[in-house]
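Work through the exercises below with the sequence and the model at hand. Each task is followed by a solution in steps.

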Amino acid sequence: MNGGAVRPVLDLFSGARLTPTQRRIAHSLVEHAAKAAYLSAAEVADLAGVSQPSVTRFAMALGYSGYPALRRELRALTDGVEPAPEGNAMQLAVRGETEHLERLHGQLGRLDDVERAARLLVDSRPLPVLGLRAAAPLAGYFGYFAAKVHPDVRVLDGAGSPLLDRLDQARAAGADAMLAVVLPRYPRESLEVIREAKTHGYAIVTITDSVVSPAAELADVVLPAAVGTQLVFDLHTGPMAMAMVLLQAMCDAAPELAQRRLEDFEQTAARRHVFTA
């Protein structure tokens, strides 16, 4: 692989919202940057293990009239590029995550939104945490730790009509704020649940990938954290960091409650021999 050709090709796809199939194509083009610029659509399809129409749709998703137009751009980017020790596509994907975290570091220079979100969530009894599809693991991760400092956390990670029932039950029990984790490709049902929650008077805190996410316009507080798009499937390093920052802010907003619950948990864990260390 021509290491110097990787970065220009990678930049071509940076920020594009692609389907998993389209990301397989992008990944193949990055991995074989110099060679791919001279392949036909059928050859690229074979390289990526997808159909030829998928390659055409991929080019059009990037704004080109078809694959030949994209191939001309690839040739312009890769011709005459000298090799550079930038690393392979996997390394560049990880490097991209460090860049996302650097931006998040700068963003957290002002904590107004994080602190406002923390106050809303820590005061809600119970506290619903919504996360569907790709966001479900992060919602569960947040919920697991939040339950150590909050008395009633309810993770909503199952789709279908029971989801709205659980939302209604939480509201009836006193909930007045909800954390919604909404990540690309932005499940329609997540947005519908947020709209339903707002009609019932919930304040909405949203962790999402961008301030222009479709979930952002529905939220009272938006906590953006970029998602890595350089591999076939998203990297959620940034949103996970944001979730833990938010949880820390919740502990800071109610330090006595957090400390008491943490001490109770440690005593119970010791009595039950939950951990080995």
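**Exercise 1: Two distant pairs**

Thr-56 belongs to helix α5 (residues 52-61). The model is a predicted one, in which local features need pLDDT of at least 70, side-chain atom pairs count only at pLDDT 80 or more, and totals for chains, interfaces and linings use all residues. Residues are numbered from 1 along each chain as its sequence is written, and side-chain values use heavy atoms, with hydrogens and water left out.

Task: classify Thr-56 and Val-114 by relative accessibility, and give the C-alpha separation of each from its partner, Ala-249 for Thr-56 and Ala-42 for Val-114.

Solution. Step 1: take the classes, where buried means under 20% relative accessible area, exposed over 50%, and partly exposed in between (1.4 Å probe, protein chains only). Step 2: Thr-56 has 29% relative accessibility and is therefore partly exposed. Step 3: between Thr-56 and Ala-249 there are 46 Å from C-alpha to C-alpha, with a sequence separation of 193 residues. Step 4: Val-114, in helix α8 (residues 112-122), has 5% relative accessibility and so is buried. Step 5: the C-alpha atoms of Val-114 and Ala-42 are 48 Å apart, with their positions 72 residues apart along the chain. Step 6: for scale, the C-alpha trace of the protein chain spans about 65 × 40 × 35 Å along its principal axes.

**Exercise 2: Chain overview**

Task: state how many helices and strands the protein chain has, and what percentage of its residues is buried.

Solution. Step 1: helices (H or I, at least four residues) and strands (E, at least two) are DSSP runs, numbered from the N terminus. Step 2: the protein chain has 13 helices and five strands. Step 3: of its 277 residues, 46% are buried.

**Exercise 3: Salt bridges**

Task: find how many salt bridges the whole structure has, and describe the bridges made by Asp-234, Arg-154 and Asp-220.

Solution. Step 1: the criterion is a side-chain nitrogen of Lys or Arg within 4 Å of a carboxyl oxygen of Asp or Glu. Step 2: the search gives four salt bridges. Step 3: Asp-234 pairs with Arg-23 at 2.2 Å, N to O. Asp-234 is in the loop between β5 (221-224) and α12, and Arg-23 is in helix α2 (residues 20-31), so the bridge ties together parts 211 residues apart in sequence. Both residues, Asp-234 and Arg-23, are buried. Step 4: Arg-154 pairs with Asp-152 at 3.1 Å, N to O. Arg-154 is partly exposed at 26% relative accessibility, and Asp-152 is partly exposed with a relative accessible area of 26%. Step 5: Asp-220 pairs with Lys-198 at 3.7 Å, N to O. Asp-220 is in the loop between β4 (203-208) and β5, and Lys-198 is in helix α11 (residues 188-199), so this pair links parts 22 residues apart in sequence. Asp-220 is partly exposed at 32%, as is Lys-198 at 34%.

**Exercise 4: The second largest cavity**

Task: give the volume of the second largest cavity, its lining residues and their classes.

Solution. Step 1: on a 1 Å grid over the protein atoms alone, a cavity is a set of points where a 1.4 Å probe fits but cannot get out, and lining residues have an atom within 4 Å of a point. Grid points are joined across faces, edges and corners, and the volume is the space filled by probe spheres set on the points. Step 2: the structure has two cavities of 30 Å³ or more, and the second largest holds about 30 Å³. Step 3: its lining consists of Val-122, Val-149, Met-250, Cys-251, Ala-254, Leu-257 and Ala-258. Helices α12 (237-253) and α13 (255-272) each give two or more residues to this lining. Step 4: Ala, Val, Leu, Ile, Met, Phe, Trp, Tyr, Cys and Pro count as nonpolar, Asp, Glu, Lys and Arg as charged, and the others, Gly among them, as polar. The lining accordingly has seven nonpolar, no polar and no charged residues.

**Exercise 5: Backbone exceptions**

Task: locate the cis peptide bond before Pro-126 and describe the setting of Arg-133.

Solution. Step 1: most residues other than glycine have a negative phi, and most peptide bonds are trans. Step 2: Arg-125 and Pro-126 are joined by a cis peptide bond with omega of about -5°. Pro-126 is in the loop between α8 and β1 (127-131). Step 3: Arg-133, not a glycine, has a positive phi of about 55°. Arg-133 lies in the loop between β1 and α9 (136-146) and is exposed, with a relative accessible area of 71%.

Methods: 1 Å grid on protein atoms, 1.4 Å probe; cavity = no way out; pocket = protein on both sides within 12 Å on 5 of 7 lines; lining within 4 Å.
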